[in-house]
Amino acid sequence: MIKAIAIDDEPIALRVIEHFCQDIEGIDLEKTFNNAQDGLNYLNSYPTDLIFLDIDMPQINGVDLYKQLKQDSVVVFITAHSDYAVQGFDLNALDYLLKPFTFERFKKATDKAKEYFSQFSLQKTSGHIFVRADYSLQKIIVDDILFIEALDDYLKIHIEGQKTIVARMTMKAILEKLAHSGFMRVHRSYIVPVKKIESLRNKTIIIKEALIPIGNSYEAEISKYFKDKSS
């Protein structure tokens, strides 16, 4: 079951979302908020899979609210202005709904959410992950990843023999996707697959031609890991 909330300053819009969700299996609309700050406070305290989020709100713009989130929820932006759709896609939103939207259009957005979370659960044992980049879900073979680099609000996923993929997500989120796949965070801005490390030298990891720094706070853990492996 996908845990969802809706945030919109228009009570009518919230009632429409509630009504539509009642007729869609797999979506549990746990809360609705017509006050953006209340919605943000809830999201900072309770894990939520999916957010239906209005963009044009008086207290906090929906785009700004999404940028402030501490958790990695999937978002469907809702707006009465088509110009805002570009902002939503710039943040790799799952979808955007232009008011007034029909049940069929709403269901299309929730179907995307179901597909996304279905792929997320399958990828844990399948040897690949899916990330949202360039306005679509992109499949990445885990064994092909050379290293992952944080860049502001984005990640650059460096892949052997392929174009680097840039995705808007956090280090925590990508580590969850790669759990039990042999990846290690070695710096606040870098994650590496242990088996791809060719050598360690002067607090630097070498993978292919890349020189990846080891952060001070990660040095002891990395040294212990390789010491245990060599003993």
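The following questions and answers concern a predicted model.

Reader: Which strands stand at the edges of the open sheet of 5 strands?

Author: This sheet has the order S10-S9-S8-S12-S11, with antiparallel pairing. Neighbouring strands in the sheet are turned by 20° against each other on average, direction ignored. The strands that pair on one side only are S10 (165-167) and S11 (183-187).

Reader: Which residue in S10 stands opposite Lys 156?

Author: Strand S9 covers residues 154-159, and 3 bridges join S9 to S10 in the antiparallel sense. The residue in S10 that stands opposite Lys 156 is Val 166.

Reader: Why do the buried residues of helix H2 lie on the same side of the helix?

Author: Helix H2 spans residues 36-43, and its buried residues are Ala 36, Gly 39, Leu 40, Tyr 42 and Leu 43. They lie on the same side of H2 because the arc they cover around the axis is only 160°.

Reader: Against which elements do the buried residues of H2 pack?

Author: The buried residues in question include Leu 40 and Tyr 42. Their packing partners are strands S1 (2-7), S2 (27-33) and S3 (50-54), together with helix H3 (62-67).

Reader: Which residue caps the N-terminal end of H2?

Author: A side-chain oxygen of the capping residue lies 3.0 Å from the backbone nitrogen of Gln 37. Helix H2 itself covers residues 36-43. The cap is provided by Asn 35.

Reader: Which element gives the largest share of the largest nonpolar core?

Author: This core holds 23 residues, of which Ile 17, Leu 50, Phe 52 and Phe 106 touch the most other members. Two or more residues come from each of S1, helix H1 (11-22), S2, S3, strand S4 (74-79) and helix H5 (103-126). The largest share, 5 residues, comes from H5.

Reader: With which residues is Leu 50 in contact, leaving aside its neighbours within four places in sequence?

Author: Leu 50 is one of the core residues that touch the most other members. With neighbours within four places in sequence left aside, its contacts are Ile 2, Lys 3, Ala 4, Ile 5, Ile 27, Val 74, Val 76 and Ala 113.

Reader: Which side chains of strand S5 are buried?

Author: In a regular strand, side chains alternate between the two faces of the sheet. Along S5 (residues 95-98), Tyr 96 and Leu 98 point to one face and are not buried. The side chains that point to the other face and are buried are those of Asp 95 and Leu 97.

Reader: Which residue stands opposite Leu 97 in S5?

Author: S4 and S5 run parallel and are joined by 4 bridges. Leu 97 is buried. The residue opposite Leu 97 is Ile 78.

Reader: Why is one side of S13 and of S15 left without a neighbour in the open sheet of 3 strands?

Author: The order of this sheet is S13-S14-S15, and its pairing is antiparallel. S13 (199-200) and S15 (210-213) each have one side without a neighbour in the sheet because each stands at an edge with a single partner strand.

Reader: Which residue in S14 stands opposite Ser 199?

Author: S13 pairs with S14 (residues 204-207) in the antiparallel sense, over 2 bridges. Opposite Ser 199 stands Ile 206.

Reader: How far apart in space are Gly 127 and Ile 141, C-alpha to C-alpha?

Author: Gly 127 lies in the loop between H5 and strand S6 (128-133), and its relative accessible area of 41% makes it partly exposed. Not counting residues up to four places away in sequence, Gly 127 touches Ile 140, Ile 141 and Val 142. Gly 127 and Ile 141 are 14 residues apart in sequence, and their C-alpha distance is 6.3 Å.

Technical notes
Residues are numbered from 1 along each chain as its sequence is written. This is a predicted model: local features need pLDDT of at least 70, side-chain atom pairs count only at pLDDT 80 or more; totals for chains, interfaces and linings use all residues. Side-chain values use heavy atoms; hydrogens and water are left out. Two strands pair if DSSP finds at least two bridges between them. Axes are lines fitted to C-alpha atoms, for helices over the stretch in contact, and angles run from 0 to 180 degrees between N-to-C directions. Buried means under 20% relative accessible area, exposed over 50%, partly exposed in between (1.4 Å probe, protein chains only). The arc is that of the directions from the helix axis to the C-beta atoms. Contact means heavy atoms within 4.5 Å. A polar contact is a pair of N or O atoms within 3.5 Å; within protein, one must be able to donate a hydrogen and the other to accept it, and residues adjacent in sequence count only if both atoms are side-chain atoms. A nonpolar core is a set of buried Ala, Val, Leu, Ile, Met, Phe, Trp, Tyr and Cys residues joined through side-chain atoms within 4.5 Å.
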